[in-house]
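Thanks for opening this structure with me. Here are some notes to help you find your way around, written as numbered points that you can follow with the model on screen.

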Amino acid sequence: MRIKSLNVSGFKSFCDQTRVQFDNALTAVVGPNGCGKSNIVDAIRWGLGEQSAKNLRGRGMEDVIFNGSEKRGPQSMAEVTITFDNTDGLSHDLYTDYPEVAVTRRLHRAGPSEYLINKTPCPLKDITDLL
């Protein structure tokens, strides 16, 4: 399986819904300092279940939720969906019939993370097993 796309909303500097396509075997993200390049990597790590806020350059897990800016208020939730191309059928046995597998993680400011595979709630262990 390879990452096909990344959808991010309310995560760190991504206030609005943002989609990053990974159309080729090699994808580069370039831009000036402070434009959010490392937040893309953090979104992938977090979406796949990273449990350490320190590894995401934060003090607490709530630091991944967009905290507002001069012109925008804070978001109440962060969500990351990573869609994998599974046309080769090499995923976990439960998902071999799906051409795409979407892994989602949500965090509400007032609650724990939610994990989903193909829009179905699941424990983090299921995502770990999938990968």
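1. Let's begin with K4 and E100, whose side chains meet in a salt bridge with an N to O distance of 2.4 Å. In this predicted model, the pair links distant parts of the chain: K4 belongs to strand β1 (residues 2–9) and E100 to strand β4 (residues 100–108), 96 residues apart. K4 is partly exposed, at 29% relative accessible area. E100 is also in the partly exposed class, at 35%.

2. How many salt bridges are there in total? The count comes to nine. As general background, side chains of opposite charge can pair when their charged atoms come close.

3. Another of these salt bridges joins E114 and R106, with 3.9 Å between the closest N and O atoms. That distance counts because the cut-off is within 4 Å. E114 has a relative accessible area of 31%, so it is partly exposed, and R106 is partly exposed at 23%.

4. Next, please look at helix α2, which covers residues 124–130. Here D129 and K125 form a salt bridge, their closest N and O atoms lying 2.9 Å apart. The two residues are four places apart in the helix, which means that about one helical turn separates them. Are these partners buried or exposed? D129 is partly exposed, with a value of 37%, while K125 is exposed, with 55%. Elsewhere, salt bridges that share partners join K12, D42 and R57 into one network.

5. Now for a residue in a loop: N86 sits between β3 (77–85) and β4. Its relative accessibility is 1%, so N86 counts as buried. Which residues does N86 touch, leaving aside those up to four places away in sequence? They are M1, S91, Y95, T96, Y98, P99, E100 and V101. You have already met E100 as the salt-bridge partner of K4.

6. The strands are worth a look too. β1 and β3 run antiparallel and are joined by seven bridges. β1 also pairs with strand β2 (residues 18–21), again in the antiparallel sense, over four bridges. L6 is a handy residue to click on: I82 in β3 stands opposite L6, and so does V20 in β2. As a general reminder, the side chains in a regular strand alternate between the two faces of the sheet.

7. How many aromatic pairs does a search of the whole structure find? The search gives two. In one, the ring centres of F11 and W46 are 5.4 Å apart and the planes meet at 40°, so this pair is tilted. F11 lies in the loop between β1 and β2, whereas W46 is in helix α1 (residues 37–47); with their positions 35 residues apart, the pair links distant parts of the chain. Both F11 and W46 are buried.

8. The other pair is Y95 with Y98, also tilted because the planes stand at 45°, with the ring centres 6.1 Å apart. Y95 is buried, at 15% relative accessibility, whereas Y98 is partly exposed, at 42%. Both tyrosines are among the residues that N86 touches, which makes the buried N86 a good place to return to when you turn the model.

Methods. Residues numbered from 1 in each chain as written. Predicted model: local features only at pLDDT ≥ 70, side-chain atom pairs only at ≥ 80, totals over all residues. Heavy atoms only, no water. Buried < 20%, exposed > 50% of the residue type's maximum accessible area, 1.4 Å probe, protein only. Contact = heavy atoms within 4.5 Å. Pairing = 2+ DSSP bridges. Phe/Tyr/Trp six-rings, centres within 6.5 Å; stacked < 30°, edge-to-face > 60°.
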